[in-house]
Amino acid sequence: QVQLVESGGGLVQAGGSLRLSCAASGRTFSTYNMGWFRQAPGKEREFVATITYTGDSRYYADSVKGRFTISRDNAKNTVYLQMNNLKPEDTAVYYCASAVAGRGYDSWGQGTQVTVSS
């Protein structure tokens, strides 16, 4: 289990961009798969993107594929989510999560609010 802190959320117009960051504690960050999830008002939490501990493989929800990019910098213990061409339906609290490779997510950040206006 690691400590995760998200940042970079805010208010943006439709079609704009934001980059979220997730800083992790400890020196074993490179051994964890990382993911981004989001929860919109009145809706269940949903998967957004994930990246393997090596950074070689990335997977995205169909709703964000082609618009969002997940990346990581293991030297800085940080994972990023670049969000382009944002839509109002992207409005949600975004959460960073970590998992030991081959296992489920077991550590979560506090979340950062993303609001997209039309």
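This passage walks through the core, the aromatic cluster, the salt bridges and the surroundings of one threonine in a predicted model.

The nonpolar core is a good place to start. The largest one holds 29 residues, and within it M34, W36, V79, L81, M83 and Y94 touch the most other members. Plenty of strands chip in: β3 (18-24), β4 (32-39), β5, β7 (68-73), β8 (78-83), β9 (92-100) and β11 (112-117) each supply at least two residues. The top contributor is β3, which gives four residues to this core. For a feel of how one core member is surrounded, take Y94. Setting aside neighbours within four places in sequence, Y94 is in contact with E6, L20, W36, F37, R38, V48, F68, L81, M83, G111, T112 and V114.

Next come the aromatic rings. The model has four aromatic pairs. One of them joins Y105 and W108 in a tilted arrangement, with 6.3 Å centre to centre and 50 degrees between the planes. Neither ring is fully tucked away: Y105 counts as partly exposed because its relative accessibility is 30%, and W108 falls in that class too, at 31%. Ring pairs also bring in F37 and F47, so to speak, giving a cluster of F37, F47, Y105 and W108. An arginine joins the party here. R45 lies over the face of W108, at 3.9 Å from the ring centre, and the charged end of R45 also sits over the ring of F37, 5.7 Å from the centre of that ring.

Charged side chains pair up elsewhere as well. Side chains of opposite charge can pair when their charged atoms come close. The structure holds four salt bridges, and R38 takes part in a network of them together with E46, R67 and D90. The side chain of R38 meets that of E46 at 2.7 Å, N to O, and it meets the side chain of D90 at 2.9 Å, again N to O. Because R38 sits in strand β4 and D90 in the loop between β8 and β9, this pair ties together parts that are 52 residues apart in sequence. Both R38 and D90 are buried; for R38 the relative accessible area is just 5%. E46, on the other hand, is partly exposed at 36% relative accessibility. Away from this network description, there is also a salt bridge between D62 and K65, whose closest N and O atoms are 3.6 Å apart. Here both partners are out in the open: D62 is exposed, with a relative accessible area of 68%, and K65 is exposed too, at 52%.

Last up is T50, which lies in strand β5 (residues 46-51). T50 counts as buried because its relative accessibility is 13%, below the 20% cut-off. The T50 side chain makes a polar contact with the side chain of Y105 at 2.6 Å, which leads back to the aromatic cluster, where Y105 is a member. A polar atom of the T50 side chain also lies 2.9 Å from the backbone oxygen of M34, and M34 is one of the core residues touching the most other members. Beyond neighbours within four places in sequence, the contacts of T50 are M34, G35, S57, R58, Y59, I70 and Y105.

How values were computed. Residues are numbered from 1 along each chain as its sequence is written. This is a predicted model: local features need pLDDT of at least 70, side-chain atom pairs count only at pLDDT 80 or more; totals for chains, interfaces and linings use all residues. Side-chain values use heavy atoms; hydrogens and water are left out. Buried means under 20% relative accessible area, exposed over 50%, partly exposed in between (1.4 Å probe, protein chains only). A polar contact is a pair of N or O atoms within 3.5 Å; within protein, one must be able to donate a hydrogen and the other to accept it, and residues adjacent in sequence count only if both atoms are side-chain atoms. Contact means heavy atoms within 4.5 Å. Rings of Phe, Tyr and Trp (its six-membered ring) pair if their centres lie within 6.5 Å; planes under 30 degrees apart count as stacked, over 60 as edge-to-face and the rest as tilted. A charge sits over a ring if NZ of Lys or CZ of Arg is within 6 Å of the ring centre and within 35 degrees of the ring normal. A nonpolar core is a set of buried Ala, Val, Leu, Ile, Met, Phe, Trp, Tyr and Cys residues joined through side-chain atoms within 4.5 Å.
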